[in-house]
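Trainee: Before we discuss this model, please put the sequence and the structure in front of us. I will ask, and you can reason each answer through.

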Amino acid sequence: MELFAALDTVLLSRLQFALTIMFHYLFPPLTIGLGVVLVYLGLRYVMTGDRLFRDAQKFWTKIYALNFAMGVSTGIVMEFEFGTNWSVYSEFVGDVFGSALAAEGIFAFFLESGFLAVLVFGWDRVGPKMHLFSTMMVSLGSIFSAVWIVAANSWQQTPAGHHIVPVYRRGEPWVVDGELMMRAEITDFWAMVFNPTTVIRLTHTLTGAFIVGGSLVASVGAWYLLKNRHIEFARRSLNGGLIVMTIGAFTAAATGHLQAKITYAYQPAKMAAYEGHFETGPGHLTVFGIPDVKNETVRYDLSIPRAYSFLLKEDLNAEIVGLDRFAPEDRPPIWIPFVTYRVMVGIGTYLIVLSIVAVVFRLRNKLYTHRPLLFLFVITVFLSLIANHGGWVACEVGRQPWIVHPPLQWTGGEPGVGDVVVDETGVVQYDETQGLRTTDAVSKAISGEQVLGSLIGFGLIYGLLFIVWITVLHQKIQKGPDISEDADTSSASVEDLLDISSSRVSHSKHMIEPNGGSGA
Amino acid sequence: MIAMTSWFTAESLPFVWFTLIGCLLTGYLILDGFDLGVGVLHLIVPKDETERRLSVNSIGPLWDGNEVWLVTFGGALFAMFPYAYATAFPAFYTAFILLLFALIFRAVSMEFRGKMHSKLGRRMWDVGFGIGSLLAAFLFGVAGGNVVSGLELNERGDYTGSLMDQLSPYPLTCGLLIVLLFTLHGAIFLYMKLTGDYQQRIANAAKVSWVLFAIVYGIVTIWTLASVPRATENFADVPALWLIPAFNVAMVGLTGWMVWRRFAFAAFLCNAGSIASMVILLAAALFPNLINATDPAMDLRIVDAASSTRTLTIGLIVVGIGLPFVLIYTTIIYWTFRGKTRLESHSY
């Protein structure tokens with residue numbers, strides 16, 4: 001018991017949150033990305049009557065449903081953990097953050113899970129148009145869900161639309177141990193939802209999700225081509241996935257750039273951690289290096305001189321705020337953001353290169369037979385998922401030591417333009433009442449023993465689920481789509497014949513007709 | 001901001017929301033109640049693979065929409081009563097983590113069971129589905145029993161008791177009560193969805209569930225009256241409140257009668273009425289508190305736990321816009337999947 005008493009509830013709770021959210025975050029990008037694919041396939045079926053689109057939609061729906069079940073059941077954990085492990089945080093932000101979560105429940109979850117029933121089980125019960133409508137509602141629900149969650153998360157990074165006020169109890173200010181209890185209260189709902197980073201963060205996050213969806217479809221298509229199975233289905237999958245990926249990769253780079261700029265403006269310490277930028281001054285862009293936190297430098301630094309200054313301020317000589325402007329207790333950890341940020345950017349670059357190469361091969365009609373390239377597509381879905389996780393981890397760990405990041409001031413008043421306002425020792429002063437430190441946010445009524453127990457429990461259960469999930473996913477992909485009895489020869493109603501002729505036309509011309517990318 | 005009518009004042013809003021989260025909780029218990037019950041029955045009644053698939057598929061399109069009521073209840077509690085959320089969730093840490101495990105297991109069991117090629121694999125997920133449902137129902141009852149009888153809270157609103165304090169006989173009996181209530185609810189629902197021999201056995205299961213439920217219901221009622229004084233204080237002050245338990249008893253009785261007469265839909269409605277009146281009973285027992293403390297000075301009152309007037313108002317607008325849609329498409333979906341459960345190529 002002595003041992004357990006010494007266990008750090010903050011550290012364990014952080015580990016637990018990291019584990020549960022990272023596991024959960026496998027599924028939302030998959031469902032958001034695949035949802036758009038399902039809408040596209042449903043739409044094409046209703047428009048053309050080509051059975052292959054319906055068969056493809058049925059196939060992907062099964063995979064969607066599997067991921068959805070995983071996403072829902074691991075998502076409810078996140079909501080509970082705010083209360084169980086981070087109750088002081090919940091008290092501090094509930095008034096602000098809560099309305100976004102409630103809106104997510106009412107506007108997104110009901111929509112998503114309600115119409116999912118029709119999408120998954122309704123094939124024989126509703127007509128194709130109602131089915132398409134349900135597919136759209138499911139996809140819309142998953143995107144709404146991202147909107148509210150990203151808005152709430154962005155508020156933690158760049159709070160707006162609120163003020164900090166004392167809490168009242170029994171009509172009197174609530175004082176515990178001589179300390180006045182404070183909380184954030186909303187003053188402007190839309191300013192809270194559209195706080196300075198919401199829009200750009202949402203765009204970047206959704207782009208990441210579309211890339212994951214696109215690369216899953218392309219990956220499965222490439223796998224079948226390698227195995228010489230379901231050829232027509234596989235070609236269309238690879239083609240559509242490639243289009244989504246290509247648009248997605250370029251959009252991700254553009255939105256990522258904008259997000260870096262806005263991160264610098266509002267959370268320069270986080271940006272400095274990403275780049276291992278210890279000393280205020282012109283910034284180099286480190287391609288490779290090993291941060292040496294103790295000596296405040298990056299070793300084996302392979303960098304492009306001044307590129308960082310140029311990217312952030314379009315000026316090679318611009319001064320970039322470094323970690324030296326921050327007191328040691330206000331600095332984020334360096335290693336995790338530095339590495340994960342590089343993983344994200346590195347994979348992003350790879351995706352751009354792969355897309356360009358693949359498009360060139362596609363135009364020369366060599367993509368479907370180029371085995372090494374096909375193999376790259378098979379593994380790219382994992383890399384896309386890793387990039388998504390890398391970006392998120394960098395963003396969240398970079399926010400530390402704050403769970404709610406207090407705003408900081410710049411000389412000249414505009415964020416990111418001048419220099420940060422510092423005190424006589426040259427260090428940024430945060431208004432602690434405006435923010436909340438992660439160490440202060442943890443529940444007071446829980447013991448390290450309890451958290452350790454639950455952490456182990458989650459570890460075991462999620463480990464088991466991961467294995468089963470991968471196994472079932474693998475089985476489903478191995479089994480492949482149920483392609484209807486080839487419509488070309490049988491079922492010869494006039495309408496069918498018309499459909500076949502139109503689908504033949506689209507087969508023959510889909511080399512030049514980009515038939516994917518509806519959602520990117 | 002919309003103009004507030006005289007109903008929605010700064011003073012009344014916390015109570016409006018107290019009513020609304022009560023409605024969300026009622027919606028959750030009525031809807032997820034039957035699919036949790038189907039899970040409990042899954043351990044006992046179905047005899048072969050077809051029957052198990054029929055059970056699972058009877059709730060297949062519905063369960064996860066039902067669970068959203070819980071998510072939204074949690075979200076609304078977080079938003080509108082952050083202090084209640086921050087008090088109850090750490091207090092029930094172990095119970096709620098177990099609840100999460102249970103809910104995860106039952107959710108993925110339904111998805112995974114049909115994909116298993118071996119009989120053993122399927123049985124494993126069948127048991128996961130059943131135990132998960134049973135445990136979830138039980139834990140809801142335990143938590144409810146503790147909230148009524150009072151938690152040990154300190155000045156800051158933090159729980160100071162231990163896990164063992166929560167496992168005293170009264171809350172445990174409340175846990176059993178909810179398990180039996182949901183089993184009954186699930187059996188009535190299944191009766192509506194099934195045919196033939198399996199339906200006959202479910203009819204018997206419904207009768208047994210009702211008898212056991214009625215016994216435990218009687219025990220809990222007497223126990224509450226006799227030795228949980230905090231739960232009956234309001235009833236002494238406002239005798240009219242006795243109409244609620246009277247209505248509840250009537251509903252329980254009617255449910256039994258309908259079960260024996262095999263008026264399944266009527267039985268379902270009566271049991272739903274019984275669940276709703278239990279939530280109203282809980283609310284009447286707690287009022288004006290949201291969480292009872294063992295020391296009344298530490299009670300968490302509705303007004304003190306509530307968010308600011310602005311947040312409560314925004315929440316009301318959100319619900320006002322969203323809830324009609326939710327009700328419309330929930331109805332559409334239940335209508336789409338009405339009638340007897342059929343096994344199709346897209347079933348689990």
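Mentor: One definition first: a salt bridge here is a side-chain nitrogen of Lys or Arg within 4 Å of a carboxyl oxygen of Asp or Glu. Bear in mind also that this is a predicted model.

Trainee: How many salt bridges does the rule find across the interface of chain A and chain B?

Mentor: One pair is A:R170 with B:D304, whose closest N and O atoms are 2.9 Å apart. Another is B:R156 with A:E91, at 3.3 Å between the closest N and O atoms. B:R156 lies in the loop between α6 (119-149) and α7 (163-166) of chain B and A:E91 in helix α5 of chain A, so this pair joins two chains. For the interface of chain A and chain B, the rule gives a count of 2 salt bridges.

Trainee: Are B:R156 and A:E91 buried or exposed?

Mentor: The cut-off for buried is under 20% relative accessible area. B:R156 also meets B:D158 in a salt bridge, at 3.4 Å from N to O, and both B:D158 and B:R156 fall in the buried class. For the pair across the chains, B:R156 and A:E91, the answer is likewise buried.

Trainee: How much area do chain A and chain B bury between them?

Mentor: The size of an interface is often given as the accessible area lost when the parts come together. In terms of contacts, 81 residues of chain A meet 75 residues of chain B. Carbon and sulfur atoms carry 70% of the buried area, and the total is about 7,100 Å².

Trainee: Which three residues supply more of the area that chain A buries against chain B than any other three?

Mentor: Together they supply 12% of the area that chain A buries against chain B. The three residues are A:F110, A:F121 and A:R125.

Trainee: How many residue pairs are in polar contact across the interface, and which element gives the largest share of the side of chain A that touches chain B?

Mentor: With both residues at pLDDT 80 or more, the rule finds 16 residue pairs in polar contact across the interface. Elements that give two or more residues to the side of chain A that touches chain B include α4 (51-85), α5 (87-121) and α15 (448-479) of chain A. The largest share, 27 residues, comes from α5(A).

Trainee: How many nonpolar residues does that side of chain A have?

Mentor: By class, the side of chain A that touches chain B has 12 charged and 20 polar residues. The nonpolar residues there number 49.

Trainee: Where does the salt bridge of A:R325 and A:D419 sit, and how far apart are the two residues along the chain?

Mentor: The closest N and O atoms of A:R325 and A:D419 are 2.7 Å apart. A:R325 is in the loop between β10 (319-320) and α12 (335-363) of chain A, and A:D419 is in the loop between β11 and β12 (436-437) of chain A. A:R325 has 17% relative accessibility, so it counts as buried, whereas A:D419, at 22%, counts as partly exposed. The pair links distant parts of the chain, 94 residues apart.

Trainee: Which residues of chain B are linked in a network of salt bridges?

Mentor: Side chains of opposite charge can pair when their charged atoms come close. Over all chains, the count comes to 24 salt bridges. The network links B:E49, B:R52, B:R113, B:R122, B:R123 and B:D126.

Trainee: What is the relative accessibility of A:N228?

Mentor: Most residues other than glycine have a negative phi, and most peptide bonds are trans. A:N228 has a positive phi, near 60 degrees, and its place is in the loop between α8 (198-227) and α9 (231-266) of chain A. Exposed means over 50%, so A:N228 counts as exposed at 59%.

Trainee: Which residues does the cis peptide bond in chain B join?

Mentor: In chain A, the peptide bond from A:Q400 to A:P401 is cis, with omega near 5 degrees. In chain B, omega is about 0 degrees at the cis bond, and the proline lies in the loop between α12 (264-286) and β1 (289-291) of chain B. The residues joined are B:F287 and B:P288.

Trainee: What is the radius of gyration of chain B?

Mentor: Chain B has 14 helices and 2 strands, and buried residues make up 62% of its 348 residues. A compact globule with 348 residues would have a radius of gyration near 20 Å, which agrees with the value for chain B, 21 Å.

How values were computed:
Residues numbered from 1 in each chain as written. Chains lettered and ligands numbered in written order. Heavy atoms only, no water. Contact = heavy atoms within 4.5 Å. Buried area = accessible area lost by both parts, 1.4 Å probe. Polar contact = N/O pair within 3.5 Å; in protein donor to acceptor, adjacent residues only side chain to side chain. Helix = DSSP H or I, 4+ residues; strand = E, 2+ residues; numbered from the N terminus. Nonpolar A, V, L, I, M, F, W, Y, C, P; charged D, E, K, R; others polar. Buried < 20%, exposed > 50% of the residue type's maximum accessible area, 1.4 Å probe, protein only. Rg over C-alpha atoms; globule rule 2.2 N^0.38 Å.
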